[in-house]
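Let's go through a few side chains together, one question at a time. Have the model open as you read.

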Amino acid sequence: LIKLVKEKRIYDVLVDDTEMAMTLTASDIQHLPKMYKVMGVPKQGRVALIFSESTHRAEDFKFYEKVAMAAGYTIKLFSDRESALAWLKSK
């Protein structure tokens with residue numbers, strides 16, 4: 001995905017993690033933005049991330065959103081695809 005974003009200059013992305021089994025620790029999540037920087041992930045885009053609020057790891061997704069935003073990445077959580085797409089199209 002990062003390669004495609006950089007090659008095609010597609011900065012707004014929809015990520016559906018509703019089926020994802022979160023296995024990252026809080027420490028792992030906290031270090032993700034540092035990895036993004038090393039990998040050259042551009043900050044000018046927006047990521048709409050769909051997740052299941054009923055998962056027992058919902059707080060980890062919310063923590064990820066805060067950590068990424070604090071590092072200058074625009075990531076917003078959604079519980080449904082329609083809202084996520086509406087947000088991406090609102091730019």
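Q: Is Lys-62 buried, partly exposed or exposed?
A: This is a predicted model, where local features need pLDDT of at least 70, side-chain atom pairs count only at pLDDT 80 or more, and totals for chains, interfaces and linings use all residues. Residues are numbered from 1 along each chain as its sequence is written, and side-chain values use heavy atoms, with hydrogens and water left out. Buried means under 20% relative accessible area, exposed over 50%, and partly exposed in between (1.4 Å probe, protein chains only). The relative accessible area of Lys-62 is 30%, so this residue is partly exposed.

Q: Which residue meets the side chain of Lys-62 in a salt bridge?
A: A salt bridge here is a side-chain nitrogen of Lys or Arg within 4 Å of a carboxyl oxygen of Asp or Glu. Both partners lie in helix H3 (residues 58-70), three residues apart, about one turn of the helix; helices (H or I, at least four residues) and strands (E, at least two) are DSSP runs, numbered from the N terminus. The partner counts as exposed at 56% relative accessibility. With N to O at 3.5 Å, the residue paired with Lys-62 is Glu-59.

Q: How many salt bridges does a search of the whole structure find?
A: Side chains of opposite charge can pair when their charged atoms come close. Besides the helix H3 pair of Lys-62 and Glu-59, Asp-60 pairs with Arg-57, their closest N and O atoms being 2.2 Å apart, and both of these residues are buried. Arg-46 also bridges to Asp-12, at 3.7 Å between the closest N and O atoms. For the whole structure, the search gives three.

Q: How many residues apart in sequence are the parts that Arg-46 and Asp-12 tie together?
A: Arg-46 is buried at 11% relative accessibility, whereas Asp-12 is partly exposed at 26%. Arg-46 sits in strand E2 (residues 46-50) and Asp-12 in strand E1 (residues 12-16), so their salt bridge links parts whose separation in sequence is 34 residues.

Q: What is the distance between the C-alpha atoms of Val-47 and Tyr-73?
A: Val-47 lies in strand E2 and is partly exposed at 23% relative accessibility. Leaving aside residues up to four places away in sequence, Val-47 touches Val-13, Val-15, Thr-74, Ile-75, Lys-76 and Trp-87, where contact means heavy atoms within 4.5 Å. Val-47 and Tyr-73 are 26 residues apart along the chain, and their C-alpha atoms are separated by 8.3 Å.
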